[in-house]
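Student: I should like to study one part of this protein chain closely, rather than survey the whole. Please choose a region and explain how its pieces fit together.

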Amino acid sequence: DLELYLQRCQQLSVTVLTDHQDMSNTELKTITNSTAPQQYRIRAKLRTYKPQKLHQSVKLHCSKCNSLQEVPNGDDFDFILRGSAATAPNPELHNTFWYESVMWTTQDQKQREIAIHFVKHDEMLQHPEDTLLMIEGGTLEEIWKLTKRFKCVIPVRSTEDDLELFDLSAPFLLQGNVKYYGCKQCSAPKPMRSLSSIAAEQQPSWEPSEIAQVLGIELLQYVFVMKFTLVDETGALNAYLFDY
């Protein structure tokens, strides 16, 4: 457990943070007065690390604008879905040449209308494990159930002319237990009919990067970010960890 390990490091008087046994130790004061890049071996104490909660270390990174964003709360996504469910799916957008639609009304008090659009390949439905589907009116719980059976799930809503993505505060794609997000600043979302170009491929793979590209989405990547403050008798040094 990384969190317990970091706490243990803080309790130790001295911690070896890098290997490089062939190199001699360098004082932190010397490092801070040197120009980068250099390679050193140090012996230092871990004074602090941030963030304190390790789940807060996971961020979303845009490689185009180099921005770092917080991972949205699941409750926010659920709120967006419930707000969209108030608008009934547009039946004129059902059963096109590239997807087949199924619609039903829930038996609960609200009697929501749900539409699921199964993307076809060569005018045929694919096996569930190879299928991309789009859903209108579903709750977060219902969407997670679909991700367990189908390869990709895209939450959408109806307009007069086409299906479209939600605001990019919501994930544009769910695959397994992973939610994929797009950069609001760098994306220019296209109508869902843009996906028909992938469906027409000989063997559609439905890879998130390919889906993002045809939909005009700049894909955000999950990254792990931490800051460590290291100290010895000569000074302090901030060390940053950034990794995919």
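**One region in detail**

Tutor: Among the elements of the chain, β11 has the highest mean pLDDT, 97, while strand β1 (residues 15–16) has the lowest, 50; pLDDT is the predictor's confidence in each residue, from 0 to 100. Helices (H or I, at least four residues) and strands (E, at least two) are DSSP runs, numbered from the N terminus. Over the chain, the mean pLDDT is 88, and 92% of the residues reach 70 or more. This is a predicted model, in which local features need pLDDT of at least 70 and side-chain atom pairs count only at pLDDT 80 or more, whereas totals for chains, interfaces and linings use all residues. Residues are numbered from 1 along each chain as its sequence is written, and side-chain values use heavy atoms, with hydrogens and water left out.

The part chosen here comes from a record. In an unreviewed entry, UniProt places the feature "domain: Protection of telomeres protein 1 C-terminal insertion" at residues 75–218; such annotations may be inferred rather than shown by experiment. This span is 20% helix and 27% strand, and its end C-alpha atoms lie 23 Å apart.

Let us begin with helix α4, residues 140–147. Its buried residues are L140, I143, L146 and T147; buried means under 20% relative accessible area, exposed over 50%, and partly exposed in between (1.4 Å probe, protein chains only). These buried residues cover an arc of only 120° around the axis, which puts them on the same side of α4; the arc is that of the directions from the helix axis to the C-beta atoms. The face turned away from this buried side carries the exposed residues E141 and K145. What covers the buried residues of α4 includes α3 (74–84), β6 (113–121), β8 (132–136), β9 (152–158) and β11 (173–175).

One of those covering elements, α3, can be read in a similar manner. The buried residues of α3 are F77, D78, L81 and S84. Seen down the axis of α3, they fall within an arc of 125°, so they line one face of the helix. D75 and F79 are exposed on the other side of α3. The buried residues of α3 pack against α4, β9, β11 and β12 (178–180), where contact means heavy atoms within 4.5 Å. At the start of this helix, a side-chain oxygen of N73 comes within 2.7 Å of the backbone nitrogen of D75.

Beyond α3, the chain enters the loop between α3 and β5, where N95 is found. Phi of N95 is near 55°, a positive value in a residue other than glycine. N95 counts as partly exposed, because its relative accessibility is 48%.

We turn next to strand β6, another element that covers α4. Of the 9 residues of β6, 8 are buried, so the strand is largely enclosed by the rest of the structure. β6 pairs with strand β5 (residues 99–105) in the antiparallel sense over 7 bridges; two strands pair if DSSP finds at least two bridges between them. Here W104 stands opposite I114 in β6. β6 also runs antiparallel to β8, to which 4 bridges join it. In that pairing, A115 has E136 of β8 as its bridge partner. A further antiparallel pairing, over 2 bridges, links β6 with strand β7 (residues 124–125), and the bridge partner of K120 in β7 is L125. The hairpin of β6 and β7 has 2 residues between the strands, and D122 in this hairpin takes a positive phi near 55°.

Towards the far end of the annotated span, S194 lies in the loop between β12 and α5 (196–199). Leaving aside neighbours within four places in sequence, S194 is in contact with V214 and L215. The C-alpha atoms of S194 and I211 are 9.2 Å apart in space, although the two residues are 17 apart in sequence. A polar atom of the S194 side chain lies 3.0 Å from the backbone oxygen of P191.

To close, consider how the helices and strands meet. α4 and α3 each have a buried face, that of α4 covered in part by α3 and β6. β6, in turn, pairs with β5, with β8 and with β7.

Key. A polar contact is a pair of N or O atoms within 3.5 Å; within protein, one must be able to donate a hydrogen and the other to accept it, and residues adjacent in sequence count only if both atoms are side-chain atoms.
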